[in-house]
Amino acid sequence: MPIKVILSTAIGIVIGRLFLTIEVIESLSFEIHLGLLSLTLEDILLGMILFIVGLELSKQTGLMAKIKKIGVKVLLVPVTIVITSIVAGVIAGLILNMPLNEAIAVSSGLGWYSFTAVELGKYSAALGATALLVNVGRELAVFIFGRYFKKYGTDLGPIGVAGCTGGDVTQPAIIMLSGEVYGMIAFITGIILGFVVPIIVPFFYNL
């Protein structure tokens, strides 16, 4: 899987550099307004991916029964991700001699790079760029190294790295790596973390 991901990414970069000019990108960008709902091309493509994932999950008999059997313990996954990400931010801040509030705020993005980069970019362009790289890195790490997180950790390993993205972009990869039950756990975790990130990122930065 890592080789496929690396090759796909490399091909995408080459095609993008050769053919996707600013004019082409702008021509592909659009927004559809349906009442209070607005959809971009990215929203539609991501929705199609999640629709296919949903169809696949619906064919798995007993899936919800397994989730119910886990019960409230499923909430330990997002709690653990938040705590370990904060600890990682503290360690990274000490190693890199970076202000701890900034380091923790960056790591508290939990993979949601679009929000974290913009939020922290309000205070510093360099900090916003750092947040973007760190949180994009979490998403890419699932695709490239996910099998190793599972092999040398547990089936929950890829979910921990994915963070917020387990609820959408990286969910198909998690299902492929760990199975449908863990794909559903990743979805639940991603939704919960999506509510947490907008609270903790500015909170830790302003400490």
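**Notebook: nonpolar core and the α5/α11 packing**

Entry 1. I looked up the largest nonpolar core and found that it has 30 residues, with L110, L120 and I159 making the most contacts inside it. I note that the model is a predicted one. I then listed the elements that give two or more residues to this core: α5 (76-96), α6 (100-107), α7 (113-121), α8 (125-151), α9 (157-162), α10 (171-178) and α11 (180-205). The largest share, nine residues, comes from α11.

Entry 2. I took L120 next and left aside its neighbours within four places in sequence. L120 is in contact with A105, V106, L127, G128, A131, V201 and Y205.

Entry 3. I turned to the pair α5 and α11. Their axes lie 9 Å apart, and the helices pack at an angle of about 40°. The two helices are therefore oblique to each other, and α5 passes α11 in a right-handed crossing. From α5, the contact is made by V77, P78, I81, V82 and I86; from α11, by I185, T189, I192, L193, V196, I200 and F204. I sorted this contact by class and recorded eleven nonpolar residues, one polar and no charged.

Entry 4. I closed with F204, which is placed in helix α11. Is F204 buried or exposed? Its relative accessibility is 12%, so F204 counts as buried, the cut-off being under 20%. Leaving aside neighbours within four places in sequence, I found F204 in contact with I86, N101, I104, A105 and S108. I also checked F204 against A103: they are 101 residues apart in sequence, and 9.0 Å apart in space from C-alpha to C-alpha.

Definitions and conventions
Residues are numbered from 1 along each chain as its sequence is written. This is a predicted model: local features need pLDDT of at least 70, side-chain atom pairs count only at pLDDT 80 or more; totals for chains, interfaces and linings use all residues. Side-chain values use heavy atoms; hydrogens and water are left out. A nonpolar core is a set of buried Ala, Val, Leu, Ile, Met, Phe, Trp, Tyr and Cys residues joined through side-chain atoms within 4.5 Å. Buried means under 20% relative accessible area, exposed over 50%, partly exposed in between (1.4 Å probe, protein chains only). Helices (H or I, at least four residues) and strands (E, at least two) are DSSP runs, numbered from the N terminus. Contact means heavy atoms within 4.5 Å. Axes are lines fitted to C-alpha atoms, for helices over the stretch in contact, and angles run from 0 to 180 degrees between N-to-C directions. Angles under 35 degrees count as roughly parallel, over 145 as roughly antiparallel, 65 to 115 as roughly perpendicular and the rest as oblique. A crossing is left-handed if the near helix is turned anticlockwise from the far one by less than a right angle, and right-handed if clockwise. Ala, Val, Leu, Ile, Met, Phe, Trp, Tyr, Cys and Pro count as nonpolar, Asp, Glu, Lys and Arg as charged, and the others, Gly among them, as polar.
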